[in-house]
Amino acid sequence: MTRSSTLAYFVFVAASMFPISEVLSQGSGQHSASHSAGQFKFPTAEVPKTEPEYIAKAKSAAPPNVANNATITMPGMTGKVVQKGTNGYTCFIGDDGTPKCDDQNAIEWRNALGAKQPLPDKVGFIYMLAGDTGTSNHDADATDKSHWVETGPHVMVVGGAPVHEMLKQYPNDLTVKDASQPFVMFPGKPNQHLMIPVHLDPVLVTGTTTR
Ligand SMILES: [Cu+2]
């Protein structure tokens, strides 16, 4: 091959290694809204009844190497262990159908909240890479959909005093202005925590009300 045909060959090989849409969107230098929006779906409210389906949905909350080595409980956090883990994470599906993977400090935080006990002075971490099914940002139990926010793929920092101190530097509006950037969920409530969106595309910004 000549030098120029060798170059052309490598360009061809490199291009064929990427989906054509990737190459095109990189070339145009802008996000393609329809292309990106079609790739992400918020989780459904379903809590699967069979173990394989439940496990698959629970695992969608974290990167495979985390979820594959996590304990999985069914149904919910207090359900039976359907996968025994080794990395300290516990993955499960909440009553609202939302999958999550909690580290041990996050589990302690949930237990303390559930028992209405003082929150541990610990910092916990939760993966919710499948996104959530939405909540009223002023009250997890509200049914009126006021201050509604749905968040795409995100992680969360949860806990007692150290986390509440950390939250002071983030937006704590009841009506979330921008769910594509870090914000405080349930500001001022015992279960307040930091939401950290991790998706790369602003198209995944979620719906909020103005109430
Ligand atoms: Cu979350």
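1. Let's start with one pair of residues: Thr-73 has Val-81 in E2 as its bridge partner. Three bridges hold E1 and E2 together, and the two strands run in the antiparallel sense. Five residues separate the strands of this hairpin, and Gly-76 takes a positive phi near 70° there. Please keep in mind as you look around that this is a predicted model.

2. E1 also pairs with E3. Here the strands run parallel and are joined by two bridges. If you want a residue pair to look for, take Ile-72, whose bridge partner in E3 is Cys-91.

3. Now step back to the whole sheet. Which order do its strands follow? Reading across, you meet E2-E1-E3-E4-E5-E8-E10-E9, eight strands in an open sheet with mixed pairing. Strand E2 (80-83) and strand E9 (183-185) each have a single partner strand, so they stand at the edges, and one side of each is left without a neighbour in the sheet. On average, neighbouring strands of this sheet are turned by 30° against each other, direction ignored.

4. Moving along the sheet, E4 and E5 run antiparallel and are joined by two bridges. Asp-102 is found opposite Ile-126 in E5. E5 then pairs with E8, again in the antiparallel sense, over six bridges. Within that pairing, look for Tyr-127, which has Val-155 in E8 as its bridge partner. It helps to remember here that in a regular strand the side chains alternate between the two faces of the sheet.

5. At the other edge, E9 is joined to strand E10 (residues 193-197) by three bridges, and the two run antiparallel. Met-185 has His-193 in E10 as its bridge partner.

6. Next come the helices. The chain has seven helices and ten strands, and two of the helices deserve a closer look. Helix H4 (residues 51-59) lies across strand E1 (71-74), E2, strand E3 (90-93) and strand E4 (99-102), and runs at about 115° to E3. Helix H6 (residues 104-114) packs on the sheet too, where it touches E3, E4, strand E5 (123-128) and strand E8 (154-159). The direction of H6 makes about 100° with that of E5.

7. What about the interior? In soluble globular proteins, nonpolar side chains tend to be buried together. In this chain of 211 residues, 28% count as buried. The largest nonpolar core has 33 residues, and those with the most contacts inside it are Ala-61, Ala-62, Cys-91 and Cys-101. At least two residues of this core come from each of H4, E1, E3, H6, E5, E8, E9 and E10.

8. Ala-61 is a good residue to click on. Leaving aside residues up to four places away in sequence, Ala-61 touches several others, including Ala-67, Cys-91, Cys-101, Tyr-127 and Leu-129. For the chain overall, 57% of the contacts with a separation of 6 or more are between residues 24 or more positions apart.

9. Finally, a loop residue. Is Val-176 buried or exposed? Val-176 lies in the loop between helix H7 (161-167) and E9. Val-176 counts as buried because it has 26 C-beta neighbours inside 10 Å, and the cut-off for being buried is 20 or more. Val-176 and Asn-137 are 39 residues apart along the chain, yet their C-alpha atoms are separated by 7.5 Å.

Notes: Residues numbered from 1 in each chain as written. Predicted model: local features only at pLDDT ≥ 70, side-chain atom pairs only at ≥ 80, totals over all residues. Pairing = 2+ DSSP bridges. Helix = DSSP H or I, 4+ residues; strand = E, 2+ residues; numbered from the N terminus. Axes fitted to C-alpha atoms, helices over the stretch in contact; angles between N-to-C directions. Contact = placed C-beta atoms within 7 Å. Buried ≥ 20, exposed ≤ 12 C-beta atoms within 10 Å, placed from the backbone. Core = buried A, V, L, I, M, F, W, Y, C linked by C-beta atoms within 7 Å.
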